[in-house]
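User: Please take a close look at one part of this for me, beginning with the backbone. After that, work outwards and connect it to whatever else is worth a look.

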Amino acid sequence: MTSAATDSSTGRLRGRPRPLRLSRWLRFDGWGALVLPLLVFLVLVFGLPLVVMLSRSLTDPSFGLQNYRDIFANAVYPRVLGNTFLIAAIVTVVTLALAYPYAYLMTLVGPVWRMIMLGLVLVPFWTSILVRSFALVLFLRDTGAFNSTLQTLDVIDQPIPLIRTLTGVVFGMVQVALPFAVLPIFATMQGIDRRLLQAAESLGARPAGAFWRIFVPLSAPGVAAAVLLTFVQALGYYITPALLGGPKNTMIGELIVQQVSTVLRFGFAAALATLLLLTTFLLLVVAGRFVDLQKHLMRQT
Amino acid sequence: MTAALETTSTQTSTGAPISINAVSKKYGDNTVLESVDLDIRAGEFLTLLGASGSGKSTLLNIIAGFTRPTAGTVKVDGRDITSLPPHKRGFGMVFQHYALFPHMSVADNVAFPLKRQKVAKAEIQQRVAETLELVELGHLGGRRPSELSGGQQQRVALARAIVFRPRVLLMDEPLGALDKLLREQLQLEIRRLHQEMGITFVFVTHDQDEALTMSDRIALLRNGRIVQLGTPEQLYAEPNCRYSAEFVGASNIFTGTVQGRSFIDDVSGQSYRLGEAADQSGRSLLVRPEHLNIAPADVPVPDTVEQVEAIVEDCIYLGSSRTVQLRTDAGQRLVARTNVPRTPDGVVSGARVHAYWDVRDACVLD
Ligand SMILES: Nc1ncnc2c1ncn2[C@@H]1O[C@H](COP(=O)(O)OP(=O)(O)OP(=O)(O)O)[C@@H](O)[C@H]1O
Ligand SMILES: [Mg+2]
């Protein structure tokens with residue numbers, strides 16, 4: 001019944017939207033002022049730089065859409081962009097495939113095991129990405145623990161190339177993304193009334209059928225939140241693909257850093273970043289049409 | 001609506017008999033059910049009545065297949081189903097918490113069991129509409145469960161549990177979450193459904209009034225055992241033990257011992273004569289409130305009755321009847337119920353009265 005209760009709290013029934021009046025938004029009481037420091041901070045460190053970036057992409061080196069034209073003039077850049085989306089998609093699918101059963105198991109075990117499982121997901125989360133990625137490089141490289149163990153055990157003759165490959169990148173990125181998928185899925189699953197499955201069985205559904213028809217659809221909002229968080233994050237990854245990927249798996253984040261720090265084409269880098277930002281926004285808007293984002297992103301915290 | 005009723009009732013199958021033999025359930029050392037035997041007749045309305053924790057839900061879940069008994073068997077139509085999983089039993093079930101699927105519309109909820117049976121689309125539509133009509137929710141098929149009131153939700157749950165024409169319908173305190181008025185209304189509707197469908201209903205409640213109103217027979221559970229099984233009349237008029245008498249209906253019980261044809265009250269030492277039919281053993285004497293009469297202290301009472309002296313503590317007017325609360329000189333509290341025009345003058349708070357009963361109306365219990 002929990003989910004029913006939350007549903008009714010959105011109050012869609014009572015329909016009639018409140019008129020949007022400016023006075024409502026401008027009306028500050030004493031407590032409202034507390035939000036000001038954060039607003040100022042966000043405007044200064046996020047809003048302004050964003051505007052600077054946008055304008056730079058249109059003015060540096062000269063006014064116009066030249067930077068954007070350049071992106072699509074050379075086949076390399078669209079390919080990197082496509083590659084970025086592809087890798088992000090693969091990472092999302094793999095992460096989901098691991099996170100869903102993991103979160104499900106977390107809802108089944110007792111409280112002690114649940115804490116342990118939560119810890120296992122969160123400990124890497126609290127470690128710097130740089131440290132983790134380096135550790136993965138050491139672990140996965142040809143002479144690393146992974147390959148040498150398999151070789152010692154005679155499972156393989158030649159080391160499996162993991163680092164500087166797509167597999168390596170996916171490996172590293174999934175590991176980073178896992179908590180962002182497990183947490184929202186787990187939160188949603190915990191809110192599902194297990195007795196609904198019993199009800200389904202009493203109505204003639206096999207246990208597997210009850211799971212598929214009742215549990216899976218009810219966990220969908222958590223899955224949607226997880227997909228979104230994982231995918232959008234994966235689009236912007238930089239350190240992990242830089243350390244674990246090869247030239248063929250360059251992602252847009254690496255490309256932007258390269259343009260800024262090596263080639264010094266600030267305008268072009270800004271155009272790339274803007275493009276990434278716009279596509280991400282577009283995805284959010286499209287996804288937002290299907291899921292109540294606010295509701296499900298809020299619930300996990 | 002009448003047309004819908006007719007098609008539905010002509011198509012329903014008859015109820016199935018359920019036979020529960022020596023069923024026990026233990027959780028570790030905790031015995032929840034102890035060798036329960038119960039034969040539920042085909043098509044009857046049987047209520048499992050008992051206090052919280054008496055094992056009602058456990059027994060119902062064993063019938064439904066959600067719980068495996070530690071020992072004993074459950075048979076339907078003579079077929080042993082003890083280890084049959086719930087989805088193969090084909091029993092309808094209604095839960096206290098409704099258990100509607102929140103992501104489906106009302107109509108889809110009701111269609112769920114039919115889809116599992118792979119019923120043809122057109123027929124599903126027709127039967128869903130019919131059944132929703134039957135519970136008077138024909139116009140709400142498109143709504144989500146969260147957009148319905150508690151009573152409406154429980155009607156949907158009811159529709160969903162009967163739409164596939166089960167031969168047995170199990171209900172675990174289905175009205176427990178509803179307010180009194182709605183509960184009474186749904187009680188009558190469920191009874192009406194039972195009469196129309198002719199299938200076996202097993203109903204769990206801890207509310208004795210509900211059990212009396214609805215049932216063909218009541219099984220009274222206490223600490224995992226059935227203490228009495230019988231019609232509502234039998235449970236009320238012929239309780240077989242003090243627990244039954246106290247659980248079903250209001251009661252006045254004197255504690256004491258039987259000596260010859262008399263009952264000696266432990267508290268007051270007073271002796272009451274017993275009727276011919278009274279059970280000759282037992283430590284309790286029961287007088288129901290409607291058998292306890294009251295007369296002002298200065299009015300003599302007839303010879304054929306037994307009486308105690310008491311003081312009126314309170315006199316509660318209930319419309320057609322009046323409940324009089326009394327305290328005997330020995331300190332015991334009694335309750336009498338009289339019809340309003342028959343309440344004698346002088347019965348007011350603080351008045352001294354005789355409380356008396358016909359010896360044939362008192363019975364001795366364990
Ligand atoms: N899964 C379980 N594990 C351990 N003990 C249980 C379990 N389920 C029920 N019990 C115990 O069995 C006893 C009977 O429970 P049951 O739910 O059948 O009672 P009930 O008569 O339905 O009570 P209520 O009116 O409160 O629903 C209780 O003492 C309960 O603590
Ligand atoms: Mg119960």
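Analyst: A:Pro61 sits in the loop between α3 (36-59) and α4 (66-73) of chain A; helices here are DSSP runs of H or I with at least four residues, strands are E runs of at least two, and both are numbered from the N terminus. The peptide bond that joins A:Asp60 to A:Pro61 is cis, with omega at about 5°. Bear in mind that this is a predicted model, with local features needing pLDDT of at least 70 and side-chain atom pairs counting only at pLDDT 80 or more, while totals for chains, interfaces and linings use all residues. On bookkeeping, residues are numbered from 1 along each chain as its sequence is written, chains are lettered from A and ligands numbered from 1 in the order in which they are written, and side-chain values use heavy atoms, leaving out hydrogens and water.

Staying with loops in chain A, A:Arg164 is in the one between α8 (145-152) and α9 (166-190). Its phi is near 65°, a positive value for a residue other than glycine. A:Arg164 counts as partly exposed because its relative accessibility is 47%; the cut-offs are under 20% for buried, over 50% for exposed and partly exposed in between, using a 1.4 Å probe and protein chains only. In chain B, B:Lys118 is not a glycine either and has a positive phi of about 55°. B:Lys118 belongs to the loop between α3 (106-116) and α4 (121-134) of that chain, and at 71% relative accessibility B:Lys118 is exposed.

Back in chain A, the loop between α12 (239-244) and α13 (252-263) holds A:Thr250. The A:Thr250 side chain comes to 2.8 Å from the backbone oxygen of A:Pro247. That is a polar contact, meaning N or O atoms within 3.5 Å; within protein, one atom must be able to donate a hydrogen and the other to accept it, and residues adjacent in sequence count only if both atoms are side-chain atoms. Setting aside neighbours within four places in sequence, A:Thr250 is in contact (heavy atoms within 4.5 Å) with A:Val80 and A:Asn83.

Now for ligand 1, over in chain B. The residues around ligand 1 include B:Tyr27, B:Val32, B:Gly53, B:Ser54 and B:Glu173, where a residue is near if one of its heavy atoms lies within 4 Å. The shell is made up of three nonpolar, six polar and two charged residues; nonpolar covers Ala, Val, Leu, Ile, Met, Phe, Trp, Tyr, Cys and Pro, charged covers Asp, Glu, Lys and Arg, and the others, Gly among them, are polar. Oxygen atoms of ligand 1 have polar partners: a polar side-chain atom of B:Ser52 is 2.6 Å away, a backbone N or O of B:Gly55 is 3.0 Å away, and a side-chain N or O of B:Ser57 is 2.6 Å away. On its own, ligand 1 exposes 630 Å², and the protein buries 57% of that; areas come from the Shrake-Rupley method with a 1.4 Å probe, and for residues only the protein chains shown count as cover.

Which helix gives the most to that shell? Helix α2 (residues 56-64) of chain B does, with three residues. Eight of the nine residues of α2(B) are buried, so this helix is largely enclosed by the rest of the structure. Among the buried ones are B:Lys56, B:Thr58 and B:Leu59. Right after α2(B), B:Gly65 has a positive phi of about 100°.

Chain B also has an open sheet of four strands, ordered β2-β1-β4-β5 with antiparallel pairing; strands pair if DSSP finds at least two bridges between them. The edges are β2 (30-40) and β5 (79-80), each with a single partner strand, so one side of each has no neighbour in the sheet. Strand β4 (residues 71-76) pairs with β5(B) over two bridges, and B:Lys75 has B:Asp80 as its bridge partner.

Further along, β17 (residues 321-328) and β18 of chain B run antiparallel, joined by seven bridges. B:Ser321 faces B:Asn339 in β18(B). The hairpin has four residues between its strands, and B:Gly331 takes a positive phi near 95° there. In β18(B) the side chains alternate: B:Leu334, B:Ala336 and B:Thr338 point to one face and are buried, whereas B:Arg333, B:Val335, B:Arg337 and B:Asn339 point to the other and are not.
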